[in-house]
Amino acid sequence: MRIDVVTLFPDFIRDSAALGVVGRAQERGLLAVHGWNPRDYATDAYRRVDDRPFGGGPGMVMLAEPLSACLAAVRAADPAAAPVVYLSPQGARLTQAKVRQLAAQPRLVLLCGRYEGLDERFIAREVDEELSIGDYVLSGGELAAAVVIDAVGRLQEGALNHADSALQDSFEDGLLDCPHFTRSEAEGTGGVPAVLMSGDHAAIRRWRRQQSLGRTWLRRPDLLARAGLDRADRALLEQFITQWRADHPAGG
Ligand code: 9WO
């Protein structure tokens, strides 16, 4: 997969996409991330990429012309069609389902705004989809683009080693992850659930599933409503809830 990012800070995008699993995906030739600076496509002597907003008020708006010229160069670099995504707080919320959909594309173009954002006419003309990573305001779209690149990049076939297979991910089945434990010199095995040291792999699988269900019930009941649990899941969750209520008496 090829991801092109239109940004005033291409170095940040390149640097963040060079780390960890996503960096390894690039080294393996599974993913190519390219940064493009609209400033390189500004035509005036000052290489302006922004101007004052119509209607007045504080701040600046990114000019359509350098963005259009930059995007034309991005499109000319590869013949494959690419959806154009603008990262902004006004977008639809990014979900794991949307990440999977984007990860299946051969190409993707991400637009990063700065200042107060992009000229609306450029958005209307060129943007296929506006996406938000959460309900907060950043100083620009780059961190959001880095999030998309990370989430999409790690899903490229062959990017993950067996150990961190995407099938084991929190959210792949609509539930939160179970707790994890490893060796501690200072604490020994204190506080580690006994089942994890039992060697009974069926029991361990059941415990982990129950913890996923229970934690989703406690922390994200909104997810649970849409998870579609079978009889076995419902029984595990009921048992978790009974235990939790016994451990947390009301008013105690
Ligand atoms: C800045 C600003 C300043 C004064 C009054 C209103 C204002 N709005 C903004 C603003 O929304 N700036 C954005 C900064 C313009 C587009 C790029 N920026 C951005 C993207 N901030 N946060 C994101 C973002 C992207 C995806 N998901 C979450 C947040």
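Where does Tyr115 lie? Tyr115 is found in the loop between β6 and α5 (120-126), and this residue is among those that come nearest to the ligand. The structure discussed here is a predicted model. This briefing treats the surroundings of the ligand, then the nonpolar cores, and then several individual residues.

**The ligand and its surroundings**

- There are 18 residues around the ligand, and those that come nearest are Tyr86, Tyr115, Glu116, Ile133 and Leu138.
- By residue type, this shell consists of 10 nonpolar residues, seven polar residues and one charged residue.
- Two strands, β5 (84-93) and β7 (129-132), each supply at least two residues of the shell.
- The largest share, four residues, comes from β5.
- Backbone atoms of the protein approach nitrogen atoms of the ligand in several places. For Ile133, a backbone N or O atom lies 2.8 Å from a nitrogen atom of the ligand.
- For Leu138, a polar backbone atom is 2.9 Å from a ligand nitrogen atom.
- For Tyr115, the distance between a polar backbone atom and a nitrogen atom of the ligand is 3.3 Å.
- On its own, the ligand has 600 Å² of accessible area, and the protein covers 74% of this area.

**Tyr115 and Arg47: positive phi angles**

- Most residues other than glycine have a negative phi.
- Tyr115 is not a glycine, yet its phi is positive, at about 55°.
- Tyr115 counts as partly exposed because its relative accessibility is 38%, which lies between the limits of 20% and 50%.
- Arg47, likewise a residue other than glycine, has a positive phi near 55°.
- The place of Arg47 is in the loop between β2 and β3.
- With a relative accessibility of 40%, Arg47 counts as partly exposed.

**The nonpolar cores**

- The largest nonpolar core has 26 residues, and Ile3, Val5, Leu110 and Ile149 are those with the most contacts inside it.
- Two or more residues of this core come from each of β1 (2-6), α2 (20-27), β5, α4 (96-103), β6 (107-112) and α6 (142-153).
- Helix α6 gives the most to this core, namely six residues.
- A second core, separate from this one, has 19 residues, among them Val49, Met62, Val74 and Val127.
- Leu110 has contacts with residues more than four places away in sequence, including Ile3, Val5, Val85, Leu87 and Ile149.
- Strand β5 takes part in two of these settings: it supplies four residues to the shell around the ligand, and it is also one of the elements that give two or more residues to the largest core.

**Asn37: a buried loop residue**

- Asn37 belongs to the loop between β2 (32-36) and β3 (50-51).
- Asn37 counts as buried because its relative accessibility is 14%, which is under the limit of 20%.
- The side chain of Asn37 reaches the backbone nitrogen of Arg39 at a distance of 2.9 Å.
- When residues up to four places away in sequence are not counted, Asn37 touches Thr7, Leu8, Pro10 and Cys70.

**Arg24: a helix residue in contact with a distant part of the sequence**

- Arg24 is in helix α2, an element that gives two or more residues to the largest core.
- With a relative accessible area of 24%, Arg24 is partly exposed.
- Although Arg24 and Ala159 are 135 residues apart in sequence, their C-alpha atoms are 7.0 Å apart in space.
- The side chain of Arg24 reaches the backbone oxygen of Ala159 at 2.8 Å.
- Setting aside neighbours within four places in sequence, Arg24 is in contact with Ala159, Leu160 and Asn161.

**Arg206 and Arg208: two residues of helix α7**

- Arg206 has its place in helix α7 (residues 201-219), and Arg208 is found in helix α7 as well.
- Arg206 counts as partly exposed at 48% relative accessibility.
- Arg208 is partly exposed, with a relative accessible area of 41%.
- Along the chain, Arg206 and Trp36 are 170 residues apart, and their C-alpha atoms are separated by 48 Å.
- Arg208 and Pro179 are 29 residues apart in sequence, and the distance between their C-alpha atoms is 7.8 Å.
- Arg208 touches Cys178 and Leu196, with residues up to four places away in sequence not counted.

Key. Residues numbered from 1 in each chain as written. Predicted model: local features only at pLDDT ≥ 70, side-chain atom pairs only at ≥ 80, totals over all residues. Heavy atoms only, no water. Near = heavy atom within 4 Å. Polar contact = N/O pair within 3.5 Å; in protein donor to acceptor, adjacent residues only side chain to side chain. Areas by Shrake-Rupley, 256 points an atom, 1.4 Å probe, with all protein chains shown as cover. Nonpolar A, V, L, I, M, F, W, Y, C, P; charged D, E, K, R; others polar. Core = buried A, V, L, I, M, F, W, Y, C linked by side-chain atoms within 4.5 Å. Buried < 20%, exposed > 50% of the residue type's maximum accessible area, 1.4 Å probe, protein only. Contact = heavy atoms within 4.5 Å.
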